[in-house]
Amino acid sequence: MRRHDFRGGVHPPGQKHLSAERAIELLPMPPRLYLPLQQHAGGPALPIVTVGQRVGKGELLAQAQGAASAPLHAPTSGTIIAIGEFTAPHPSGLPLPTITLEADGAERWIEREPLPDPFSLSPAQVAAQVGAAGIVGMGGANFPSAVKLDKARQAGVHTLVINGAECEPYMSCDDRLMRERATDIVDGVAIMLHAVQAPRALIAIEDNKPEAIQAMRDACRSDTRIEVLNLPSRYPAGSAKQLIQWLTGLETPAGGRGTDTGLLVHNVGTAYAVHRALRDGQPLISRIVTVSGGAVAEPRNLEAPLGALAADLLAYCGGVGDDCVRLLMGGPMMGHPLPSAETPVIKGTNGILALTIAEVSEHTPSPCIRCGHCVEACPMGLLPVEMANSARREDWSGIQALGLSDCMACGSCAYRCPSHIALPQYFAYARDQLAEQRREEAKAQQIRQLIQQRQARLARAEQAKAEAAAQRQAAKKQRAIAAVEDDD
Amino acid sequence: MIAAMATLTSLGLLLGLLLSLAARIFRTPSNALHEEIMTLLPGVNCGQCGYPGCGGAADALIAGKASPALCPPGGSALARALAATLGRTLESADDGPSLLAEIDESLCIGCAHCVKHCPTDAIVGAPKQIHSVFQEACMGCGLCVEVCPTECLQLRPQTTTLATWRWPKPALEGA
């Protein structure tokens, strides 16, 4: 297979040495878990438990609502002490409806039925079980995996790509997972191949992780359908569209999906979660999180239950120093700032970073010098400088014409910009303004409809009243005639 | 005398007929723009723009006396649509969060007056029950505020949720 290069990209310092040599450790169960009902793309989950209810480990707490949604399970046994609002892991610091679970420390599993061999199930049944286990894209996209599997099978995808690139600096959770649990991942890949009915799988790993590559090669030696490839280490090699381009030379059409090229990309963490769900009957209740950054005393990779607070993880890693200037969820390129450490780990949380002043860019932006570095760096072939200018002028049709919807917010442009212009922030601002316009227009449309419906209803009521009055009149007349006839 | 009366009557009838025919044949849809604007405006005649109803507002817009951003219930979506229809530029589209009706439950007596007046059926409630505003259907016309006998209805800025939170414009300009 010929390899092809993708456009642009940058080489940020990896910083993976901080945590990559530490084996995965199990986070001691925190006293309370905070489980937001919206941890995935699509509709929020609907709680089916009540406050005060005792639940077992793995018990269903909230069920999926709508076509793209995911259920939520109890990461440990305990008591539901609240269903209310709690700070979401989101830069706004606004709350989300959240189930609070107090752990009883017993780790008492609910009764699990013996599992059938996944390969004796139909592909649709496998996907349904993946959905029922609440599995979403573990790379951070949070899209329900079952929907992806079903859509890919229907589209006739020929290759399953397992993304172990982990190109974000600092992150080492996928690296550790591949080094330590390679056979489980490969089993998950085989199950996913069955679900998609694809003939082969490619596991792509950046070549800065030789141990992971070796471990994965050893694990899939017996399965000829699965091949491990080493990717060049260049950010953002782990983005689905860039990965597909590197593997096939095919560019995903603007506004299209990876499956349009006949390939389906899933994260290694997702493959591992699929293995746990279909072999052990364990729904998605924990994940590997990299806790790192210069302000963390002992950076580590932790297997943390969903709902553990960032503060719990940071405390286990020796706490955060006073020199921490920024707390991030996710990597430094695409992660987002956290308003506080009192916010929970969710299904898509791959890392929690506490960064020092030396690690963040605190430059004052200066004027653009038209060097074109952002254009060179953009892996999507866009013109970041022109897009930022449009956003500043609030020229919304202009920025759409420049391809805002194809920007994946990878941050390569800002990394290269010698003037330190906050390019991705302009794109986020523009994207939100356009979303706000769409929301307002949809609401205006809805309001117009409501007004028309009410007017139609009032008109109907008026007409019904008039008809009833006419009927009463007619009945009165009839009675009068009858009375006259009786008199005769 | 009779001849004069007959002449005048027939003249009147003939001219009347001609006028009515002319009105039919040479009819011009002079208010096409007015009608177009009326389909854009909410049409609930709340009067927040300061003109007598949506018809009056449409006239003022055509005459150039009012800004396209005159209608608070329509919000910036309507302002953009009006500016496009009238070929005018919008000075500032963003005038803060839109105001929506909110009920202070401790003051609501369940009189149900507001329910009857809401043009979008956004108020939920029955007589003698506490009412509530369904904010997704409320446009902030304020008709309910006027009829509430206990002043428990107020127009308030919409509360920001995760679904409506937006990234701000970068404060430090570079380029």
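This is a short tour of a two-chain structure, stop by stop, with something to select at each one. Keep in mind that you are looking at a predicted model.

**Stop 1: the two domains of chain A**

Start with chain A and colour residues 16-26 together with 116-287; that is domain 1. Give residues 363-488 another colour, and you have domain 2 of chain A. Taken over C-alpha atoms, the centres of these two domains are separated by 36 Å. Where they touch, domain 1 of chain A contributes six residues and domain 2 of chain A contributes seven. On the domain 1 side of that contact you will find three nonpolar and three polar residues, with no charged ones.

**Stop 2: a parallel sheet in chain A**

Now select four strands of chain A: strand 9 (159-164), strand 10 (200-206), strand 11 (226-231) and strand 12 (263-267). They form an open sheet with parallel pairing, in the order 11-10-9-12. Strands 11 and 12 of chain A each have a single partner strand, so they stand at the edges with one side lacking a neighbour in the sheet. Turn the view to follow the twist, which averages 25° from one strand to the next.

Zoom in on strands 9 and 12 of chain A, which pair in the parallel sense over five bridges. To find a spot on this pairing, pick A:Asn163 and look across to A:Asn267 in strand 12 of chain A, which stands opposite.

Next, add helix 6 of chain A, residues 240-248. Which strands does helix 6 of chain A lie across? Strands 9, 10, 11 and 12 of chain A are the ones, and the helix runs at about 125° to strand 12 of chain A.

**Stop 3: two helices that cross in chain A**

Hide the sheet and show helix 1 (residues 123-132) and helix 4 (residues 182-196) of chain A. A pair of packed helices can be described by the distance and the angle between their axes. Here the axes come within 7 Å and cross at roughly 125°. Helix 1 and helix 4 of chain A are therefore oblique to each other, and helix 1 passes helix 4 in a left-handed crossing.

Display the side chains at the meeting point. From helix 1 of chain A come A:Pro123, A:Val126, A:Ala127 and A:Val130, while helix 4 of chain A brings A:Ile191, A:His194 and A:Ala195. By class, this contact has six nonpolar residues, one polar residue and no charged residues.

**Stop 4: an antiparallel sheet in chain A**

Stay with chain A and select strand 2 (residues 32-36) and strand 8 (residues 95-103), then strand 7 (residues 78-87) and strand 4 (54-55). These build an open sheet in the order 2-8-7-4, with antiparallel pairing. Strand 2 and strand 4 of chain A are the edge strands, each pairing on one side only.

Follow strand 8 of chain A and look at its pairings. With strand 2 of chain A, strand 8 pairs in the antiparallel sense over five bridges, and here A:Pro36 stands opposite A:Thr98. With strand 7 of chain A, the antiparallel pairing runs over nine bridges. Two places to click along it are A:Ile83, opposite A:Ile99, and A:Phe86, whose bridge partner is A:Leu96.

**Stop 5: over to chain B**

Select residues 32-86 of chain B for domain 1 and residues 99-157 for domain 2. Their centres, taken over C-alpha atoms, are separated by 24 Å. Six residues of domain 1 of chain B are in contact with seven residues of domain 2 of chain B. The domain 1 side of this contact has five nonpolar residues, one polar residue and no charged residues.

Now show helix 2 (residues 32-40) and helix 4 (residues 75-86) of chain B, whose axes come within 10 Å and cross at roughly 165°. These two helices of chain B are therefore roughly antiparallel to each other, and helix 2 passes helix 4 in a right-handed crossing. B:Glu36, B:Ile37 and B:Leu40 of helix 2 make the contact with B:Leu78, B:Ala81, B:Leu82 and B:Thr85 of helix 4. These residues divide into five nonpolar, one polar and one charged.

**Last stop: where the chains meet**

Finally, bring both chains back. How many residues of chain B are in contact with chain A? There are 26, and they touch 33 residues of chain A. The chain B side has 14 nonpolar, eight polar and four charged residues.

How values were computed
Residues numbered from 1 in each chain as written. Chains lettered and ligands numbered in written order. Predicted model: local features only at pLDDT ≥ 70, side-chain atom pairs only at ≥ 80, totals over all residues. Pairing = 2+ DSSP bridges. Axes fitted to C-alpha atoms, helices over the stretch in contact; angles between N-to-C directions. Contact = placed C-beta atoms within 7 Å. Domains from an automatic or database assignment. Nonpolar A, V, L, I, M, F, W, Y, C, P; charged D, E, K, R; others polar. Parallel < 35°, antiparallel > 145°, perpendicular 65-115°, else oblique. Left-handed = near helix turned anticlockwise from the far one by under 90°.
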